[in-house]
Every structure is written in C-alpha cells, then in structure tokens.
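Here is a relaxed walk through one protein model, taken a few contacts at a time. Keep the 3D view open while you read.

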Amino acid sequence: MDSELFARALGNIGPEAVQRTQLSRRLRAIQPTPKIDFDGHGSQSTTIDSVQKDGQRGGIKDEIRAHRAGVNCIAIDPFEGRHLISGGAEASIKLWDLATAENSQHKFINRPTAVVEKSPSSHQYGINHLCFYPFDSLAFISSSYDHKLKVYSTENMTASATFDLESVIYSHSLSPIANHLLVACATQHAAVRLVDLRSGASTHSLAGHERAVLSVAWSPHEEYILASGGSDGTARLWDIRRSSNSLGVLDLEDSVGILGEDGLGKNARDRNHGKAHTDAVNGVVWTDDGKYLVTAGHDERVRVWDMSTGANALSHFGPIIKNNHLSTLLPLLVPSNALEPGKQVMFYPNQKEILMFDLFGGSLLKRFRLPGVAAAPIRGSAAQGNFRNRTTSLAWRAGDVGLYSAHSDGVIRVWLPVTPEDVEADKDEGQEANGEEDESRKRKRDALEEIFRDLTRQKITFT
C-alpha cells in the first residue's frame, strides 16, 4: 500500500487506481466474520462478549437464526449498502440495518428493524426472490411460491401492489437503467412473464422456452434486452421491442459466435437452435458492463458468454461446481470498480462452501468453508440430497468489500476482509482495553512521549 501512495504522491497513478488496488487487496483478504450474527427472533440489536453455541453450526440455538425454517434469499440496497432484506422459507420477510454493527468491537447480535409475517395480506408460502427497486431503496419487490409478485415499502413494510401470475415464480428482475418499469418473471410456465408496474398489467409474455423458466436478468446497458434460462437447458436472449421478441439462443458448442471464423459470418451457427447446458439453467447473471453473461446449470457447469458475438468464452471451472436444486442459483459477480482493469471475480454458492473464481481464467482463487456446518443430509424421501446447510443466496454490500450469504439452515453469514493491519489494530485495541501492551511498543511510546515533553518545555523566541 505504501508503494501505491508514494506513486500517487509523485503523480504516476491516479486516485482511482489506488482505490482499486486497495479494494482488490481487501477482496483477497475476505474471511468469515463470526462476531456478527443475525437473530430474527429478538427485539433489539445487542453487543455482547460471547454467545453460547453448540460445537456444530447445525446445533446452533434457535435464537440466533435469521429464519428458523431457512433463508431462501437476501438482497442489499445498492445505494448506501445499509439495509438488507431476507426472505424465509416460512414466508416471512425481514429488514435489517447493517450499519448498527459497523463500529462494534465485540460479538454483535443484529435483529430485524421490521418484519412482514405470513398473513392473508402477505405471502402465504416461501419467498423465492427479493430485489430492491433500482432507483429508490425505499421500495423492494418480492416473489413467492404462492404465485404472487408484491411491491413493498421499506418505511412501513406494507404491500403497495400485488400481482397474481397464477404460477410459481422462481425469480424476477427489474432493469437498473430502463424507464419502462417492466418486471420480468421466471415462472413455472414455459414463457417469461412481464409485469408493468405503471399500468398494473401482467398479461404480456415471451414464448420460446419449452419448459419452466428458472432465471431472468435484464441487461445493465441495453434497457430492452433480457436474458432467461429454463429447465429445457436453453439460455435465450430477448428484445421486447421486436414482434418476435426472441434474438436466439446460446449454444455451448459455439465458440465463434455470429461473426464466424472469419469475422464475416463464415460457419456461424443458427441462433435458433442449441443449448447452453445439458440440463436445466437456473442461474443467469450479467457482468456490470454488459459485455458478458454468466449461466449456471444442473449439469454442474458455469459458462461465460461473450455477448458481442454470443460465443462460448470457454471458461472452465473444474468439477468442483455443485448445482442440483430446482430453485434459482445466482453466482455473484464483484463490481468492476472494486477490481483492477480487465479483471472479474465470481463468487459461487456451492452446497457447503462458497467458491471464489477468476471469471475469465476459471482458476479457483479461494475456497470458503462454511464455519461449523453439519454435513449430514436431511432424512426423508422428499429431501434426499438436500443439505441443510445449502447456500441459497449471495449479496454484495456497496461502497466497501463485504459479502453476505444466506443458507437453508436459517443463518445469514458475513464475510469481511481481515488484513494484517486490521489484525494488528484489533490486537492493539484489545491490549489497551485490558491495560496490556507489548514491551517494545511501550518503550517506543515512552520515548516519543519524552521527546514531546522536551519539545514543549523549550522556550521558543521569534526575532
């Protein structure tokens, strides 16, 4: 860090480059933060010195779970990064204030500031997906197994609008740049449903998939372009202005795209046929510059697509990837302003861990084991293979380096950077709080204090 600051002082690099370098360094230092817990059943956030837990996270006491039946999804407001919303398998939605734990030096129990419980006016079944309104953090949108899409206010946590799509909604997406206010919904039907928040209409659909649609995502740079993934193994692109809507499909065997081998279309494949994965596609995510699309499938593969040509970028992440649950599974892409130019990092929610990859090279950068999780599956024919500690959702906190993860064991976990400087600072604070101090540090402090006293005792005369 000192070398970057020196280069900045000489004018060799700009302040943005220094910030990117520092953020990249902090990104590599991410690790579990056990001192922050989310308790969904208390009344007030508290700071304590210790929390009683069993040896295994699977035996953790109920009072320090965010949702007792499991956390299906989370989202963090994209503006200040202060508020987190979580959706539970028991149909409740909870609002959390992340700022309350920022300055705590001890164990901190974060409790929700507002809760929407299951009721006739709220969702009746588990929450599948949550997202904040892209232009205002005072509103968010939820979707559920009960076929309902709802718009909520974070101020009073009441639903201002409800849309019944008469089909299970697996996920939804609202464009971060568009003015059309269309919510794209991935449903159990073989068509992408579009809900117009302005008019309240929910009749328009995009037909093309042969089976259920599991994931949708609007382009972050083209307001009318939409991507979708379905259980038929296809990833489709749509332009909602076109009468036919569909722009074509992504083909896993196509590594040259629409430009062809010679850049003029030679041997270019038909864009109306082909599959992105050999099994269901349950995750579709754009990079924030809109140049690449990332898809995840039940074939336990993650693929990266060059959206200028539609070609498979051939990134390979190895056999470590696990993905066999019907619900939407979205990889998290780190914002480009937190990385060095040309770099892209992906966090992948694996069953009992979170994997950190170089998106373009495919190399595994770091492997985060979930602390204290139980490895045994739930017993019963309906739940075979469904691990209680499955990672269900990831969220990035804007403005700094911070990762939050939701899990089917009911826990929301926090992953923050801990650099050597942070460790040293915490050690110093702890020693000062306990009245202890390293002997060499104490000698240096005494020497500095003596020099300061000598200087202040000298009488200075100006002539």
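## Salt bridges, starting with Arg82

Before anything else, bear in mind that this is a predicted model. How many salt bridges does the structure hold? The count is eight.

Take the one between arginine 82 and aspartate 97, whose side chains come together at 2.8 Å, N to O. Arginine 82 sits in the loop between strand 4 (71-76) and strand 5 (83-88), while aspartate 97 belongs to strand 6 (residues 93-97), so this pair ties together parts that are 15 residues apart in sequence. The two ends have their own surroundings: arginine 82 is partly exposed, at a relative accessible area of 35%, and aspartate 97 is buried, at 9%.

## Two more bridges to look at

Next, find arginine 303. Its salt bridge partner is aspartate 299, and the closest N and O atoms lie 3.3 Å apart. Are these two residues buried or exposed? Both arginine 303 and aspartate 299 are buried.

Now for arginine 369, which forms a salt bridge with glutamate 353; here the closest N and O atoms are 3.3 Å apart. This pair links distant parts of the chain, with arginine 369 in strand 28 (residues 364-369) and glutamate 353 in strand 27 (residues 353-358), 16 residues apart. Arginine 369 is exposed, with a relative accessible area of 52%, whereas glutamate 353 counts as buried at 5% relative accessibility. There is a third member here too: salt bridges with shared partners join Glu353, Arg367 and Arg369 into one network.

## Cysteines without a bond

What about disulfides? A disulfide is a covalent bond between the sulfur atoms of two cysteines. In this model the count comes to zero. Cysteine 131, for instance, is in no disulfide, and the nearest cysteine sulfur, 9.5 Å away, is that of cysteine 185.

Why does cysteine 185 not bond with cysteine 131? Seen from cysteine 185, the closest cysteine sulfur is the one in cysteine 131, and at 9.5 Å that is too far for a bond, because a disulfide needs the two sulfur atoms within 2.5 Å. As for their surroundings, cysteine 131 is buried, with a relative accessible area of 15%, and cysteine 185 is buried as well, at 0%.

## A four-stranded sheet

Let's move on to an open sheet of four strands. Follow the order 17-18-19-20 and you'll see antiparallel pairing. Strand 17 (213-218) and strand 20 (246-249) stand at the edges; each has a single partner strand, so one side of each is left without a neighbour in the sheet. On average, neighbouring strands of this sheet are turned by 20° against each other, ignoring direction.

Zoom in on one edge. Strand 19 (residues 235-239) pairs with strand 20 in the antiparallel sense, over three bridges. Which residue does tryptophan 238 stand opposite? Its opposite number is serine 246 in strand 20.

## One last stop: serine 408

Finally, look for serine 408, in the loop between strand 30 (403-407) and strand 31 (412-417). Despite its place in a loop, serine 408 is buried, with a relative accessible area of 12%.

Serine 408 also makes a nice example of how sequence and space can tell separate stories. Glutamine 351 is 57 residues from serine 408 in sequence, yet the two are 9.9 Å apart in space, C-alpha to C-alpha.

Definitions and conventions. Residues numbered from 1 in each chain as written. Predicted model: local features only at pLDDT ≥ 70, side-chain atom pairs only at ≥ 80, totals over all residues. Heavy atoms only, no water. Salt bridge = Lys/Arg side-chain N within 4 Å of Asp/Glu carboxyl O. Helix = DSSP H or I, 4+ residues; strand = E, 2+ residues; numbered from the N terminus. Buried < 20%, exposed > 50% of the residue type's maximum accessible area, 1.4 Å probe, protein only. Pairing = 2+ DSSP bridges. Axes fitted to C-alpha atoms, helices over the stretch in contact; angles between N-to-C directions.
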